[in-house]
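Welcome, and please take a moment to turn the model around before reading on. We will go through it step by step.

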Amino acid sequence: MISYILVILCYFTVANSFVCTDPEIVTRDEWGAKPPTDVENLTLPVPYVVIHHSYIPAACSTKEECINDMQWMQKYHQQNNSWCDIGYNFAVGGDNRIYVGRGWTAVGAHAPRYNSRSIGIVLIGDWTDILPPESQMLAAKQLINMGIRDGYISENYKLIGHRQVRETACPGEALYKEIQMWPHWIPNPDEEVIPVVPLDKEDLKPDPREDPDASLASEDNEIKRHSSTDKDESTSRSIKHT
Ligand SMILES: *[C@@H]1O[C@H](CO)[C@@H](O)[C@H](O)[C@H]1NC(C)=O
Ligand SMILES: *[C@@H]1O[C@H](CO)[C@@H](O)[C@H](O)[C@H]1NC(C)=O
Ligand SMILES: [Zn+2]
């Protein structure tokens with residue numbers, strides 16, 4: 001009887017990992033998202049998945065905390081960065097839930113030149129020195145597998161970290177080492193980019209939230225969790241192949 005149930009619930013994914021149920025999805029309505037001010041549609045399926053950390057806010061471990069982080073990041077991206085919406089397509093919380101950002105079909109603002117060809121996934125937390133919990137990373141991998149299964153992510157997609165396409169510490173040293181062992185990671189995405197990809201209208205400068213160098217250093221954790229500074233960095237060094 002038990003094995004019969006397993007057969008129903010579990011399947012081998014394209015990535016050859018054994019996945020049973022989909023992670024719990026928290027919709028925009030559930031986390032109280034503000035409407036996007038504009039939406040641009042992705043061409044599906046996308047060939048890239050880009051992995052991020054949030055750096056700020058720090059890891060969340062309950063739905064309430066993660067919802068708070070989603071609202072804060074959306075507010076930051078809309079008000080301080082003047083973006084249409086929260087930059088990421090999805091966020092994975094330390095509660096192992098998936099929080100819908102721009103979702104599967106909208107172009108994000110998270111990785112210049114890749115926004116219109118990728119799904120951007122942030123694992124909420126600062127993964128410079130430590131890894132996210134296994135369960136949070138599993139939820140991220142399950143999300144990718146859902147995307148492949150449902151036709152949003154190409155079966156032969158390429159996985160990269162944010163720092164591979166712009167000068168940033170994101171997704172943090174520890175997580176960046178880790179994702180190099182995930183299925184489909186590639187070392188040199190720029191070699192594969194068509195040189196004439198137009199610039200994105202959003203995301204022309206690094207998101208100061210994600211970066212220790214660009215963020216407001218503060219001894220106070222409460223402030224560190226909820227404040228950072230917008231540093232006007234030149235875009236030229238991050239756009240190498242225009
Ligand atoms: C984007 O897709 C939605 C449905 O998925 C559609 O209603 C809308 O017209 C599309 N927008 C553009 C600009 O193509
Ligand atoms: C973000 O924008 C709000 C409202 O425009 C402003 O009050 C706040 O100081 C900004 N925060 C940062 C860190 O720049
Ligand atoms: Zn990033």
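Which residue in β7 is the bridge partner of H53? The bridge partner is L123. Keep L123 in view, because we will come back to it from another strand. Before that, please bear in mind that this is a predicted model.

Let us start with the whole protein. It holds 6 helices and 8 strands, and reading along the sequence gives the pattern α-β-β-β-α-β-α-β-β-β-α-β-α-α. Of its 242 residues, 42% count as buried. Parts far apart in the chain often meet: among contacts between residues at least 6 apart in sequence, 74% join residues at least 24 apart.

Now look for the sheet. It is an open sheet of 6 strands with mixed pairing, and the order is β3-β6-β5-β7-β4-β8. At its edges are β3 (25-26) and β8 (153-161), each of which pairs on one side only.

Next, follow β4 (46-53). This strand is mostly covered, with 7 of its 8 residues buried. To one partner, β7, it is joined by 6 bridges, and the two strands run parallel. To another partner, β8, it is joined by 5 bridges, again with the strands running parallel; here I51 stands opposite G161 in β8.

From β7 we can step across to β5. Strand β5 (residues 90-92) and strand β7 (residues 118-123) run parallel and are joined by 3 bridges. Here L123 returns: V92 stands opposite this residue of β7. In a regular strand the side chains alternate between the two faces of the sheet.

What lies in the nonpolar interior? The largest nonpolar core has 44 residues, and those touching the most other members are V49, F90, V92 and I121. The elements giving two or more residues to this core are β4, α3 (63-80), β5, β6 (98-100), β7, α4, β8 and α5 (173-179). Such a gathering fits a general tendency: in soluble globular proteins, nonpolar side chains tend to be buried together. F90 makes a good place to look around. Leaving aside neighbours within four places in sequence, F90 is in contact with I98, Y99, V100, G101, I119, I121 and L143.

Two of the helices deserve a closer look, beginning with α3. At 1.5 Å a residue, its 18 residues should span 26 Å, and the end C-alpha atoms are 25 Å apart, which agrees. Its buried residues are C66, I67, D69, M70, M73, Q74, Y76 and H77, and they pack against α2 (28-31), β5 and β6. An α-helix has 3.6 residues a turn, so residues three or four places apart point the same way. After α3 comes S82, with a positive phi near 55°.

The other helix is α4 (residues 134-149), whose 16 residues should span 22 Å at 1.5 Å a residue; the end C-alpha atoms are 22 Å apart, in agreement. Buried residues of α4 include M137, A140, L143, I144 and G147. M146 is also found in α4. Is M146 buried or partly exposed? It is partly exposed, because 19 other C-beta atoms lie within 10 Å, while a buried residue needs 20 or more. The C-alpha atoms of M146 and P23 are separated by 9.4 Å, although these residues are 123 apart along the chain. Just after α4, G151 takes a positive phi of about 85°.

Conventions
Residues numbered from 1 in each chain as written. Chains lettered and ligands numbered in written order. Predicted model: local features only at pLDDT ≥ 70, side-chain atom pairs only at ≥ 80, totals over all residues. Pairing = 2+ DSSP bridges. Helix = DSSP H or I, 4+ residues; strand = E, 2+ residues; numbered from the N terminus. Expected span 1.5 Å × (residues − 1). Buried ≥ 20, exposed ≤ 12 C-beta atoms within 10 Å, placed from the backbone. Core = buried A, V, L, I, M, F, W, Y, C linked by C-beta atoms within 7 Å. Contact = placed C-beta atoms within 7 Å.
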